[in-house]
Amino acid sequence: VALRRWPPVGNPAEIDVRHRGQKGFIASVMELASLHSPGEIIVLVTHREGIMQLQRHVKSRPSCNYCGVTYFECDTAKDSLTPWWPGPAPADAEDISALPLP
C-alpha cells in the first residue's frame, strides 16, 4: 500500500472552510478518490465521526467501533459513494455497514 505524504494535497485554509459545511468531508473524500485510477484501492484513515458521516451519506446506519473498518465504493465518474462489502454480503443483510468483517 502506497502512503501519501503529509501534509495532504490542497490548501489547508480552503479545506477548513469546506469542512465547515454539512457535506465538506464527503467532498474531500470524493476529491481524494478522483486523484486515483478506477479500481484502485484507497485506505482512508479517519476518526469515527468521519466514518459515521460517510455512513449517513450512503443511508447506512451510523455505527463504528473504536478502530473500526468500514468499506465504501467511490465512482467519481458518477459522483457516487456507496457501501461496499469485500466478498458476497449475506442475502438478508439490509445494512452492510453493520456486518462483521469476513
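Let's start at a turn in the chain: Asp 79 sits in the loop between strand 1 and strand 2. What you're looking at is a predicted model, and its chain has three helices and two strands. Read from the N terminus, the elements go α-α-α-β-β. Much of this briefing is about helix 2 and what it touches, with a few loop residues and a proline to finish.

**The chain as a whole**

- The chain has 102 residues, and buried ones make up 19% of them.
- Its accessible surface adds up to about 8,000 Å², and carbon and sulfur atoms own 56% of that.
- Now take the contacts between residues at least 6 apart in sequence: 37% of these join residues at least 24 apart.

**Helix 2 and its cover**

- Which residues of helix 2 are buried? Helix 2 covers residues 24-34, and its buried ones are Gly 24, Phe 25, Ile 26, Ser 28, Val 29, Met 30 and Ala 33.
- What covers those buried residues? The cover includes helix 1 (12-19) and helix 3 (48-57), along with strand 1 (72-75) and strand 2 (80-83).

**Helix 2 against helix 3**

- The axes of helix 2 and helix 3 are 10 Å apart, and the two helices pack at an angle of about 90 degrees.
- Angles from 65 to 115 degrees count as roughly perpendicular, so helix 2 is roughly perpendicular to helix 3.
- On the helix 2 side, the residues that meet helix 3 are Phe 25, Ile 26 and Val 29. Their partners in helix 3 are Gly 50, Gln 53, Leu 54 and His 57.
- Sort the residues of this contact of helix 2 with helix 3 by class and you get four nonpolar, three polar and no charged.

**Helix 1 against helix 2**

- Helix 1 and helix 2 cross at roughly 130 degrees, and their axes come within 7 Å.
- That angle makes helix 1 oblique to helix 2.
- Helix 1 brings Ile 15, Arg 18 and His 19 to the contact, while helix 2 brings Gly 24, Phe 25, Ala 27, Ser 28 and Glu 31.
- How do the residues in the contact of helix 1 with helix 2 divide by class? There are three nonpolar, three polar and two charged residues.
- Phe 25 is worth finding in the 3D view: it is one of the buried residues of helix 2, it meets helix 3, and it takes part in the contact with helix 1.

**The salt bridge**

- How many salt bridges does the structure hold? There is one.
- The side chains of Arg 18 and Glu 31 form the salt bridge, with 2.6 Å from N to O.
- Arg 18 belongs to helix 1 and Glu 31 to helix 2, so this pair ties together parts that are 13 residues apart in sequence.
- Are these two residues buried or partly exposed? Arg 18 has a relative accessible area of 29%, so it is partly exposed. Glu 31 comes in at 35% relative accessibility and also counts as partly exposed.

**Positive phi in the loops**

- Back to Asp 79: its phi is near 55 degrees, a positive value in a residue other than glycine.
- Asp 79 counts as exposed because its relative accessibility is 59%, and the cut-off for exposed is over 50%.
- Lys 59 isn't a glycine either, yet it has a positive phi of about 65 degrees.
- You'll find Lys 59 in the loop between helix 3 and strand 1.
- With a relative accessible area of 75%, Lys 59 is exposed.

**Two pairs to look up**

- Pro 83 is part of strand 2, and at 28% relative accessibility it counts as partly exposed.
- Pro 83 and Phe 72 are eleven residues apart in sequence, but in space they are 4.5 Å apart, C-alpha to C-alpha.
- Where is His 47? His 47 has its place in the loop between helix 2 and helix 3.
- His 47 counts as partly exposed, at 48% relative accessibility.
- From His 47 to Cys 64 it's 17 residues in sequence and 9.5 Å in space, C-alpha to C-alpha.

Key:
Residues are numbered from 1 along each chain as its sequence is written. This is a predicted model: local features need pLDDT of at least 70, side-chain atom pairs count only at pLDDT 80 or more; totals for chains, interfaces and linings use all residues. Side-chain values use heavy atoms; hydrogens and water are left out. Buried means under 20% relative accessible area, exposed over 50%, partly exposed in between (1.4 Å probe, protein chains only). Helices (H or I, at least four residues) and strands (E, at least two) are DSSP runs, numbered from the N terminus. Contact means heavy atoms within 4.5 Å. Accessible areas come from the Shrake-Rupley method with a 1.4 Å probe; for residues, only the protein chains shown count as cover. Axes are lines fitted to C-alpha atoms, for helices over the stretch in contact, and angles run from 0 to 180 degrees between N-to-C directions. Angles under 35 degrees count as roughly parallel, over 145 as roughly antiparallel, 65 to 115 as roughly perpendicular and the rest as oblique. Ala, Val, Leu, Ile, Met, Phe, Trp, Tyr, Cys and Pro count as nonpolar, Asp, Glu, Lys and Arg as charged, and the others, Gly among them, as polar. A salt bridge is a side-chain nitrogen of Lys or Arg within 4 Å of a carboxyl oxygen of Asp or Glu.
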